[in-house]
Structures are given as structure tokens and as C-alpha cells.
Amino acid sequence: MSVINIYHHNENIYNVEKKPPERPPKPPLYHSRFEHQVRRETKSSKDAHRTMGFAKIPLQKPDEFLKKNCGIRFRATKSAPVRLCTSHKPPVPKKDELVASQQQVMKCVDFKVENIKKVVCSNPKKVRPRYADTRKGDFHDLEKSGLVPVYMCQPKYGKVPEYLHRRKKDLEAQKQRLMDKMAEQKSACAAISQEERLELLKVS
């Protein structure tokens with residue numbers, strides 16, 4: 001068996017060029033068979049909507065430039081005025097009445113005296129009962145605390161409510177109606193005497 005030793009070579013796998021993947025060929029573009037006919041008809045009827053105008057556009061004279069208030073003006077039609085207030089305004093006051101009204105307005109008012117009168121005639125404000133539960137004076141509302149027997153002081157305390165009385169009366173009336181209805185109905189089985197029994201047997 002022979003062994004071949006290769007000491008010098010120029011082969012390198014990193015220099016191998018990678019070929020790009022082959023792209024499939026593109027399909028041919030679609031061309032209509034009426035393409036030339038459509039182009040020809042479009043060019044022939046392109047300017048059919050136009051009208052004959054001036055061969056040469058007439059130019060205005062130099063003194064016919066656009067001036068103020070010379071253009072077309074659109075005026076709105078005037079309608080009848082709308083009166084919001086149909087009644088007449090009060091007449092102008094006379095001089096004597098005006099002086100008297102000014103004197104009343106300019107009358108001097110002592111607001112200090114008025115305020116003192118209001119305070120004296122007003123009712124004093126009721127103090128809400130409170131209680132303090134700490135030595136520092138932390139106070140709370142007494143009525144909402146539950147310490148005052150508010151419910152016991154009410155006139156309804158210890159009495160049967162009205163709806164229970166009405167309920168009791170309704171139940172008694174319903175029971176009485178049921179008993180009257182049962183009394184009116186005749187029972188199917190009634191007790192008969194011996195003589196009535198013998199008569200019924202003879203008839204049958």
C-alpha cells in the first residue's frame with residue numbers, strides 16, 4: 001500500500017465563488033390585439049368636444065383696466081324688517097321725576113347700623129352637641145356616636161307598626177271568607193236516617 005503526501009497545493013474552500021440562484025424567466029407582457037385601434041380612435045376624437053373660438057383673442061385697451069366698483073355686483077334682495085319687540089318702550093321720564101329718583105338713589109345709608117339690627121333680630125345659631133374623648137380635646141358628633149338614646153325618645157318606640165296591624169286584619173278577613181265559602185258549599189256525602197235509606201232502596 002502506497003501513501004501519497006501532498007505538501008504544496010493552492011486549493012482553498014473559502015475562495016470558492018457561490019453562484020447566485022437562477023431566476024426563472026419572466027412571462028411575456030400582455031398586449032391586446034386592439035391596442036393600435038384604440039390609440040387611433042382616441043387621437044381622432046380627442047378634440048371633438050371643443051368649439052370654434054376667436055381666431056385671435058382681442059386684447060383690451062390700456063385705459064380699460066379693472067377699476068373699482070366696475071365689476072359685476074350681486075345685490076341681495078331686501079326683506080321686511082323683523083320686529084322682535086312689538087310693544088312700545090316706556091316714555092322718557094320728566095325732569096322732576098328724574099331728580100326725585102336720583103335723590104332716592106343717592107340717599108345715604110349707614111351700613112353699620114343696618115348690620116347691627118340684622119344681627120340683633122336674627123335667631124342664634126344652635127350649637128351641635130359634641131363630646132371629647134381624649135385629654136387633648138378631640139371632639140366628635142354626639143348624635144351620630146350612638147351614645148344618645150335617640151330611638152328610645154321617638155313616639156313609635158315600643159309600639160307595633162301599623163303595617164302589622166293591617167296584615168293581621170287581612171289574614172282574619174281572608175280566613176272568614178274561606179269559612180263562609182266552605183259553609184255555603186253542600187257536601188257530597190250527607191248522613192241520612194234509616195227510613196230515608198229504605199225509601200231510596202225501594203225507588204231504585
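Buried means under 20% relative accessible area, exposed means over 50%, and partly exposed is in between (1.4 Å probe, protein chains only). Keep that handy for the tour.

What you have open is a predicted model, where local features need pLDDT of at least 70, side-chain atom pairs count only at pLDDT 80 or more, and totals for chains, interfaces and linings use all residues. Residues are numbered from 1 along each chain as its sequence is written, and side-chain values use heavy atoms, with hydrogens and water left out.

**Stop 1: the whole chain**

Show everything as a cartoon. You should find five helices and two strands. Here, helices (H or I, at least four residues) and strands (E, at least two) are DSSP runs, numbered from the N terminus. Walk along from the N terminus and the elements come in the order α-α-α-β-β-α-α.

Now switch on the surface. The chain exposes about 24100 Å², with carbon and sulfur atoms supplying 58% of it; accessible areas come from the Shrake-Rupley method with a 1.4 Å probe, and for residues only the protein chains shown count as cover. Of the 204 residues in the chain, buried ones make up 0%.

**Stop 2: helix H1**

Select Glu-35 and Arg-39 and show their side chains. They meet in a salt bridge, 2.9 Å from N to O. A salt bridge is a side-chain nitrogen of Lys or Arg within 4 Å of a carboxyl oxygen of Asp or Glu. In general, side chains of opposite charge can pair when their charged atoms come close. Glu-35 and Arg-39 are separated by about one helical turn because they sit four residues apart in helix H1 (residues 35–44). Glu-35 is partly exposed, at 25% relative accessible area, while Arg-39 is exposed, at 51%.

How many salt bridges does the rule give? The count comes to two, so keep an eye out at the next stop.

**Stop 3: Asp-141 and its partners**

Jump to Asp-141, in strand E2 (residues 139–141). Is Asp-141 buried or exposed? Asp-141 counts as buried, because its relative accessible area is 19%.

Add Arg-128 to your selection. Asp-141 forms a salt bridge with Arg-128, and the closest N and O atoms are 2.7 Å apart. Asp-141 lies in strand E2 and Arg-128 in the loop between helix H3 (111–121) and E1, so this pair ties together parts that are 13 residues apart in sequence. Arg-128 counts as exposed, at 54% relative accessibility.

Next, click on the backbone nitrogen of Glu-143: it lies 3.4 Å from a polar atom of the Asp-141 side chain. Not counting residues up to four places away in sequence, Asp-141 touches Arg-128, Pro-129 and Tyr-131 (contact means heavy atoms within 4.5 Å).

**Stop 4: Ala-132 in the other strand**

Pick Ala-132, in strand E1 (residues 130–132). Ala-132 is exposed, with a relative accessible area of 52%. Leaving aside neighbours within four places in sequence, Ala-132 is in contact with Gly-137, Asp-138 and Phe-139. Try a distance label, too: Ala-132 and Leu-142 are 10 residues apart in sequence and 9.3 Å apart in space, C-alpha to C-alpha.

**Stop 5: a nonpolar patch**

Select Leu-147, Val-148 and Val-150, which make a nonpolar surface patch of about 260 Å². Patches are made of residues with over 30% relative accessible area and no salt bridge: like charges are joined within 9 Å, and nonpolar side chains (Val, Leu, Ile, Met, Phe, Trp, Tyr) within 5 Å. Leu-147 is in the loop between E2 and helix H4 (162–184), and is exposed at 61% relative accessible area.

**Stop 6: helix H4**

Follow that loop onward and select H4. With 23 residues, H4 reaches 34 Å from its first C-alpha to its last, close to the 33 Å expected at 1.5 Å a residue; the expected span is 1.5 Å times one less than the number of residues. How many of its 23 residues are buried? The count is zero, so H4 is hardly covered.

Technical notes:
Polar contact = N/O pair within 3.5 Å; in protein donor to acceptor, adjacent residues only side chain to side chain.
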